Amino acid sequence: MRTSGTGERASLQVSAEVGTWLNRRSGRAGDWTAAQLVTAKRGTSVSVVIPARDEEATVGAIVTAIREELVERHALVDEILVVDSRSTDATAEVAAAAGADVVAQDSVLPELGGLAGKGEALWKGVAATGGDLVVFVDGDLYDFTTGYVTGLLGPLLTDPAVGYVKGFYHRPLTGAAGSEADGGGRVTELVARPLLNMFWPELSGFVQPLAGEYAGRRELLESIPFVANYGVEIGHLIDLLEARGLDALAQVDLGHRAHRHQGTPALGRMAGQIMLTLFDRLERYGRLVTAVPPATLLAQFQRGTALDGVDRELVLTELTCEQRPPLASLPVGLRPENLLQDTA
């Protein structure tokens with residue numbers, strides 16, 4: 001694969017490994033229909049996990065679409081679970097009314113206490129479901145289609161060598177100045193992609209390494225740790241690459257994704273969490289040794305009371321890299337299969 005441009009830049013190439021992977025392991029959601037996947041399923045069970053925090057406006061439509069199309073019309077999905085991540089609105093009620101099973105994030109494995117963050121909700125979702133394959137879908141999508149689920153399941157149900165599938169899509173960014181067709185994914189382009197290219201160039205072929213839509217085999221998902229916050233996705237890719245190799249990973253074009261965008265300060269905090277996760281993995285896998293670990297206190301400024309002559313208010317956030325261990329490493333009494341028996 002060559003870059004666009006002229007002169008010397010036109011001769012740049014990704015590595016042969018990445019180029020081969022892009023051709024072998026990239027697909028489109030339309031490559032598989034629900035009916036074809038039901039045939040390919042052959043007794044494999046499928047769970048869909050939807051982490052949701054204050055998503056009463058969107059989660060009901062997502063659950064309804066999956067239930068009507070992939071549970072009732074096509075017997076592809078066996079379980080829809082919404083993990084209510086400490087919502088203050090009617091997310092849980094709306095999801096339940098639409099037909100999902102709903103669990104409060106902190107009610108799953110309460111013996112371990114509760115952590116804050118998206119990764120915690122995902123880890124708890126794996127623990128509280130029983131499917132051989134687990135599909136993750138964000139709860140804030142405005143234009144969700146069931147092609148997201150079938151697209152992610154396609155490689156897993158048709159190729160036993162694939163263990164984990166990442167989605168990618170066009171992500172518009174709409175603001176006062178108009179709409180930019182692919183302006184979403186700012187943290188990906190400004191933080192995640194440059195760092196991955198520097199330290200794990202094998203992952204440079206992923207179009208959207210931070211995408212919230214992906215799927216994996218249970219045995220694989222239970223074998224890796226989950227960072228509790230927004231570092232969870234980049235942690236997954238690095239850990240799975242190290243454990244299983246690039247060819248066990250795939251990506252699928254899901255088309256278009258519109259969702260609620262976060263403001264710049266929130267994206268800054270997200271970027272900090274992702275960077276801490278990556279530095280943690282650099283140390284864990286011996287790729288970089290630093291004399292002083294990264295500081296974890298993030299200072300940001302917003303309009304407010306003057307501070308020492310500066311017309312800004314100082315906002316401090318303690319960034320963390322708290323992680324949940326692989327579910328398979330938990331004591332026998334806390335393992336997912338026992339949890340499911342206890343809550344049946």
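Phe301 sits in strand S12. In this predicted model, Phe301 has a relative accessibility of 51%, so the residue counts as exposed, the cut-off being over 50%. Together with Leu297, Leu314 and Leu316, Phe301 makes a nonpolar surface patch of about 400 Å². Two elements, strand S12 (297-302) and strand S13 (313-318), each give two or more residues to this patch.

**Second largest pocket**

The second largest pocket has a volume of about 270 Å³. Its lining comprises 15 residues, and those closest to the pocket centre are Phe279, Asp280, Glu283, Pro293 and Pro294. Sorted by class, the lining holds 10 nonpolar residues, 3 polar residues and 2 charged residues.

**Backbone with positive phi**

Two residues that are not glycine have a positive phi: Arg42, at about 50°, and Asp54, at about 55°. Arg42 belongs to the loop that runs between helix H2 (34-41) and strand S2 (46-52). Asp54 is placed in the loop between S2 and helix H3 (59-73). How exposed are these two residues? Arg42 is exposed, with a relative accessible area of 70%, whereas Asp54 is partly exposed, at 30% relative accessibility.

**Salt bridges**

Side chains of opposite charge can pair when their charged atoms come close. In this model the count comes to 20 salt bridges. The table gives three of them, with the N to O distance for each.

| Basic residue | Acidic residue | N to O distance |
|---|---|---|
| Arg24 | Asp247 | 3.0 Å |
| Arg67 | Glu68 | 4.0 Å |
| Lys118 | Asp138 | 3.1 Å |

Which parts of the chain does the salt bridge between Arg24 and Asp247 tie together? Arg24 is in helix H1 (residues 16-25), while Asp247 is in the loop between helix H9 (232-244) and strand S11 (249-256); the pair therefore connects parts that are 223 residues apart in sequence. Arg24 has a relative accessibility of 47% and counts as partly exposed. Asp247 is also partly exposed, with a relative accessible area of 34%.

For the pair of Arg67 and Glu68, the side chains meet at 4.0 Å, N to O. Arg67 is partly exposed, with a relative accessible area of 21%. The cut-off for buried is under 20%, so Arg67 at 21% is not classed as buried. Glu68 is partly exposed as well, with a relative accessible area of 43%.

Are the partners in the bridge between Lys118 and Asp138 buried or exposed? Lys118 is buried, and Asp138 is buried too. The side chains of Lys118 and Asp138 meet at 3.1 Å, N to O. This pair links distant parts of the chain, with Lys118 in helix H5 (residues 118-127) and Asp138 in the loop between strand S5 (133-136) and helix H6 (147-158), 20 residues apart.

Some bridges share partners. Through such sharing, Arg24, Arg25, Asp159 and Asp247 are joined into one network of salt bridges. The bridge between Arg24 and Asp247, at 3.0 Å from N to O, has both of its residues in this network.

Methods. Residues numbered from 1 in each chain as written. Predicted model: local features only at pLDDT ≥ 70, side-chain atom pairs only at ≥ 80, totals over all residues. Heavy atoms only, no water. 1 Å grid on protein atoms, 1.4 Å probe; cavity = no way out; pocket = protein on both sides within 12 Å on 5 of 7 lines; lining within 4 Å. Points joined across faces, edges and corners; volume = space filled by probe spheres on them. Nonpolar A, V, L, I, M, F, W, Y, C, P; charged D, E, K, R; others polar. Patch = residues over 30% accessible without salt bridge, like charges linked within 9 Å, V, L, I, M, F, W, Y side chains within 5 Å. Areas by Shrake-Rupley, 256 points an atom, 1.4 Å probe, with all protein chains shown as cover. Helix = DSSP H or I, 4+ residues; strand = E, 2+ residues; numbered from the N terminus. Buried < 20%, exposed > 50% of the residue type's maximum accessible area, 1.4 Å probe, protein only.
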